[in-house]
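Work through the exercises below with the model open beside you. Try each task before you read its solution.

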Amino acid sequence: MESSSWSSEILSVLRKEFVSEMRQKSGLLTAGLFAVVSVVAVAFASFGNKLTAGFASGLIWVTVLFTAVVAIPRVFLLEEEQGTGDMLRLSARPHAVFWGKGLFAFAQLLAGAAVTSLLFFILTSVALYGVGIYVLGLAGGCAALAGAVTLCGALVAQAANRAVLAGAIALPLLLPLIALGVAGMRTALEPDGAQGGVEAVLGLWSYAAAVWAIGPHLFAAVWKR
Amino acid sequence: MNIGKIVVGLAVVGTTIWGFLAPPAQGFMHEDLARILFWHLPYAFITVIFLFAGAWQSIKVLRSAGQPTVDFRAEAANELAMLFALITMVTGILFSKAQWNAWWSWDPRQTSFLFVLLILFAYFALRAGISDRVKRAVNSAAYCIAALLPILFLIFVLPRLPQVQSLHPSNTIAGGGLKGDYWYVVLANFVLFTFIAHWLYTMRVKVSHLEWDRENRDARMDDGGHGAATGVVRPLSLSDEN
């Protein structure tokens with residue numbers, strides 16, 4: 001077998017994910033539709049009332065979280081359903097597979113979060129004061145979400161009732177992330193910029209770093225079996 | 001019944017009586033009800049001990065490539081963590097109603113324990129979803145280790161954040177506010193229930209071993225000792241079916 005570098009393996013997996021997603025577009029459309037419908041539902045349920053910063057940030061994070069839980073586990077469930085998992089096991093090292101699929105999930109989540117945020121601000125008329133904190137916090141949260149949900153998708157790939165189970169086991173792991181995310185985003189939506197925003201963003205990125213540090217090792221332990 | 005069980009039973013009765021003989025705690029809405037602390041606090045500590053034990057055994061599961069005997073210990077530790085977390089939750093909810101006049105107050109420690117319970121439920125949901133024994137052991141061990149990060153955050157970081165206001169008297173306990181009988185009864189209950197929890201843990205591991213032995217025996221009996229090893233293949237005429 002021709003030896004390949006880590007970066008080329010990761011890029012190959014990432015490219016494969018993009019190509020297969022662009023070919024089918026099913027996952028992208030489902031996740032996009034879910035995100036849009038969630039935001040519309042949330043904005044509609046507020047009936048034009050002025051949302052507080054805390055409430056608005058909670059709603060945005062819940063929408064992003066559920067979009068992630070619906071969309072991301074597909075990256076592994078599809079491999080098992082289409083019978084391509086074994087081929088992937090032979091073609092790339094487990095760490096490269098995790099990084100490739102995780103980065104794809106991250107890109108997908110970032111795009112989803114951008115669309116969700118834009119729609120949310122348009123539909124609810126909530127004002128954004130701290131753009132930097134908002135963007136960095138959302139990006140950090142998406143990075144952590146992508147790593148955690150990718151791992152959970154791999155854990156349930158061969159389980160019974162896997163599509164539901166993936167979400168069910170991922171959500172409890174992500175609840176602390178929501179606490180940090182809401183705390184950070186709330187400061188970005190308040191005019192006087194309440195304290196704690198920078199700490200929350202740092203917390204989100206630290207969480208993401210920890211998930212991406214241990215995720216590949218845990219994934220390697222389960223992937224080859 | 002052996003002497004050890006009698007001693008443990010007497011010790012439970014003794015610490016319970018000791019707890020009720022302690023003077024009412026000061027600074028509580030219902031001072032007599034504050035005695036629930038004698039059980040609530042040790043159970044919370046024991047939950048944390050078993051959460052770490054579960055994570056430690058899960059690391060061993062991954063190192064042993066899913067050895068069932070190691071997995072039994074990880075499963076038992078997490079089961080006991082869930083049991084003690086549930087009791088901690090129930091005692092906390094009862095006291096919350098008496099002290100804060102609400103069953104649920106979204107107190108950071110209450111919420112943290114709820115999240116930890118959800119993580120433990122998810123661990124067992126994952127186990128239930130995978131039928132292959134080795135795969136179940138390895139995947140649930142990986143989940144348990146991944147869950148350690150949020151668990152550490154929920155138990156040790158979130159309730160201590162300066163922005164977070166807790167109704168729990170954490171500073172009283174950490175600052176040595178528990179004195180006299182209160183401190184001794186909590187300590188005695190902690191030692192006693194840790195001992196009982198460890199006994200339950202070893203019993204649970206033994207039960208898992210017995211279940212595994214029975215499964216293996218049943219599998220051999222189903223096979224009848226005449227499996228593929230005999231190499232006998234009985235011809236079947238498809239036309240007879242019609």
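A nonpolar patch is built from residues with over 30% relative accessible area and no salt bridge, with nonpolar side chains joined within 5 Å. Keep in mind that this model is predicted.

**Exercise 1. The surface patch**

Task: Find which residues form a nonpolar patch on the surface, and which helices supply them.

Solution:
- Step 1. List the members. They are A:Val36, A:Val40, A:Val115, A:Leu118, A:Ile122 and A:Leu123.
- Step 2. Take their area. Together they have about 520 Å² of accessible area.
- Step 3. Assign helices. Helix H2 (26–45) and helix H6 (94–124) of chain A each give the patch at least two residues.
- Step 4. Weigh the shares. H6(A) gives the most, with four residues. A:Leu118 lies in this helix, H6 of chain A.

**Exercise 2. A pair of opposite charges**

Task: Find the salt-bridge partner of A:Arg93, and say what parts the pair ties together.

Solution:
- Step 1. Recall the principle. Side chains of opposite charge can pair when their charged atoms come close.
- Step 2. Apply the cut-off. A salt bridge needs a side-chain nitrogen of Lys or Arg within 4 Å of a carboxyl oxygen of Asp or Glu.
- Step 3. Check the pair. A:Arg93 bridges to A:Glu9, and their closest N and O atoms are 2.9 Å apart.
- Step 4. Place both residues. A:Arg93 sits in the loop between helix H5 (85–91) and H6 of chain A, while A:Glu9 sits in helix H1 (residues 6–24) of chain A, so the bridge ties together parts 84 residues apart in sequence.
- Step 5. Widen the search. The whole structure holds ten salt bridges over all chains.

**Exercise 3. Where two chains meet**

Task: Describe what lies between chain A and chain B, starting with how many residues are in contact.

Solution:
- Step 1. Count residues. Chain A brings 25 residues into contact with 23 residues of chain B.
- Step 2. Take the area. About 2100 Å² is buried between the chains, and carbon and sulfur atoms give 80% of this.
- Step 3. Look for pairs. Between chain A and chain B there are zero salt bridges. Two residue pairs are in polar contact.
- Step 4. Name the elements. On the side of chain A that touches chain B, helix H7 (131–156), helix H8 (162–188) and helix H9 (197–223) of chain A each give two or more residues. H8(A) has the largest share, eight residues.
- Step 5. Sort by class. This side of chain A has 22 nonpolar, two polar and one charged residues.

Notes:
Residues numbered from 1 in each chain as written. Chains lettered and ligands numbered in written order. Predicted model: local features only at pLDDT ≥ 70, side-chain atom pairs only at ≥ 80, totals over all residues. Heavy atoms only, no water. Contact = heavy atoms within 4.5 Å. Buried area = accessible area lost by both parts, 1.4 Å probe. Polar contact = N/O pair within 3.5 Å; in protein donor to acceptor, adjacent residues only side chain to side chain. Nonpolar A, V, L, I, M, F, W, Y, C, P; charged D, E, K, R; others polar. Patch = residues over 30% accessible without salt bridge, like charges linked within 9 Å, V, L, I, M, F, W, Y side chains within 5 Å. Areas by Shrake-Rupley, 256 points an atom, 1.4 Å probe, with all protein chains shown as cover.
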